[in-house]
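Take a walk through this protein, one site at a time. Keep the sequence and the 3D view side by side.

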Amino acid sequence: MRIGIDLGGTSVKAALCNDGGAILQRDSVPTPVGDPDGLRGGMKTLALRLCQMEGIAPDTVSSIGLGLPGSLDKANCRLIFGTNLDMRDVMFGDAFQPEFSCPVKLDNDANCAALGEATAGAGSRERHMLMVTLGTGVGGGIVIDGKLYAGCNDIAGEIGHMVIRQGGEPCNCGRKGCLEAYASASHFVKFAERALDAGRESVLSINKGHLNAKMICDAVDAGDALAIELFEGYCQNLSCGLANLINIFQPDCIVLGGGLAGYGEKLIEPLRRLTFPETFRCETKNTRIVLAALGNDAGLIGAAML
Ligand SMILES: [Zn+2]
């Protein structure tokens with residue numbers, strides 16, 4: 001039995017899983033923003049409650065994994081800085097003692113989502129898998145031989161900050177032309193707002209100033225010329241990044257998750273069409289581009305599998 005905990009800005013979600021990543025019990029509490037002791041205590045209470053619900057003793061749990069947003073010191077099980085948590089320097093290694101004696105591991109939320117999909121989701125029958133999360137930013141996780149690749153500094157997998165256009169759009173990381181600056185939902189919206197500011201006509205103008213990615217996808221479905229043009233540009237930029245990843249890693253599959261993946265096959269089909277001609281391919285086996293299967297549970301299951 002394993003416990004996974006997914007810490008977000010609004011809630012702390014926890015699940016008791018078996019070794020195959022199936023969720024047996026789950027529970028959650030609101031995130032005590034700005035209160036590290038409250039967070040540590042709340043996590044332990046959740047873990048104890050899961051054991052009680054399943055009728056098992058806490059010392060039979062073999063590992064506890066935490067998926068955290070922010071910068072981490074994994075070796076010392078420490079959150080250095082939490083995004084949207086108003087917390088710094090929180091130690092988790094002893095947070096579950098004395099009731100739990102198992103090791104506590106942590107990783108960032110994007111890596112946990114990748115490991116979750118690799119264990120029990122869209123990549124569960126594959127050895128080598130990449131996950132690309134298309135949300136507010138572009139997150140990523142690299143799973144090689146079923147294990148997360150962490151690199152020499154434990155922070156590998158920043159797929160969103162691969163430059164696809166030298167000197168291109170400014171990115172939040174400080175570089176220019178990153179994949180994130182073209183393929184995140186927020187930049188997709190930014191390009192739409194920019195086109196409306198330039199006077200382009202579109203059904204999107206009704207919602208100018210508070211557009212979201214779903215509205216643009218709906219406008220594509222309605223045949224709006226500007227939305228179609230923006231979406232084609234989006235797919236071209238994302239496929240450039242995906243082709244780079246395939247040429248470097250030759251993964252069995254790339255799993256797409258996050259809000260924009262909700263557009264489903266209508267996103268996947270043009271991506272396959274644009275990506276594959278740019279890749280090195282062989283006769284027998286080629287990378288599959290697929291949608292994530294676990295939704296919001298991916299991070300929770302992945303944390304349990306750390
Ligand atoms: Zn960047």
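Start with the spacing H-x9-C-x1-C-x4-C, which is how the donor residues of the zinc ion follow one another in sequence. The model is a predicted one. Its protein donors are His161, through ND1, and three cysteines, Cys171, Cys173 and Cys178, each through SG. They lie 2.0 to 2.4 Å from the zinc ion.

What is the geometry of the site of the zinc ion? It is tetrahedral, with angles of 102 to 123° among the four donor atoms. For comparison, the ideal angle for four tetrahedral donors is 109.5 degrees.

Now look at two of these donors for their exposure. Cys171 has 8% relative accessibility, so it counts as buried, the limit being under 20%. Cys173 has a relative accessible area of 41%, so it is partly exposed.

Step back to the whole chain. The protein is divided into domain 1, residues 2-102, and domain 2, residues 125-292. The C-alpha centres of domain 1 and domain 2 are 31 Å apart.

Next comes a sheet of three strands. It is open, its order is 5-6-7, and the pairing is antiparallel. Strand 5 (70-73) and strand 7 (87-91) are the edge strands, and each pairs on one side only. From one strand to the next, the twist averages 15°. Strands of a sheet pair through backbone hydrogen bonds. Strand 6, residues 78-82, is joined to strand 7 by four bridges, and the two run antiparallel. Here Leu79 stands opposite Val90 of strand 7.

Stay on strand 6 for one more residue, Phe81. Is Phe81 buried or partly exposed? Its relative accessible area is 36%, so Phe81 is partly exposed. Set aside its neighbours within four places in sequence. Phe81 is then in contact with Pro69, Gly70, Ser71, Met87 and Arg88. Pro69 is 12 residues away from Phe81 along the chain, and their C-alpha atoms are separated by 8.6 Å.

Another pairing involves strand 4, residues 63-68, and strand 8. These two run parallel and are joined by five bridges. Leu66 stands opposite Leu106 of strand 8. Why is strand 8 (residues 104-108) described as largely enclosed by the rest of the structure? Because four of its five residues are buried.

Finally, turn to the sheet of five strands. It is open, with the order 11-10-9-12-13 and mixed pairing. Strand 11 (147-148) and strand 13 (288-291) stand at its edges. Each has a single partner strand, so one side of each is left without a neighbour in the sheet. Strand 13 pairs with strand 12, residues 253-257, in the parallel sense over four bridges. Within that pairing, Arg288 of strand 13 is the bridge partner of Cys253.

Two helices pack on this sheet. Helix 6 (residues 225-249) touches strand 9 (129-134), strand 10 (138-144), strand 12 and strand 13. The direction of helix 6 makes about 160° with that of strand 9. Helix 7 (residues 265-275) touches strand 9, strand 12 and strand 13. Its direction makes about 165° with that of strand 13.

Definitions and conventions:
Residues are numbered from 1 along each chain as its sequence is written. This is a predicted model: local features need pLDDT of at least 70, side-chain atom pairs count only at pLDDT 80 or more; totals for chains, interfaces and linings use all residues. Side-chain values use heavy atoms; hydrogens and water are left out. Donors are N, O and S atoms within 2.8 Å of the metal (3.2 Å for Na, K and Ca); water is not among the atoms, so sites may look incomplete. Four donors count as tetrahedral if all angles lie between 85 and 135 degrees; four count as square planar and six as octahedral if opposite donors are over 155 degrees apart and all others between 65 and 115; anything else is irregular. Buried means under 20% relative accessible area, exposed over 50%, partly exposed in between (1.4 Å probe, protein chains only). Two strands pair if DSSP finds at least two bridges between them. Axes are lines fitted to C-alpha atoms, for helices over the stretch in contact, and angles run from 0 to 180 degrees between N-to-C directions. Domain bounds come from an automatic or database domain assignment. Contact means heavy atoms within 4.5 Å.
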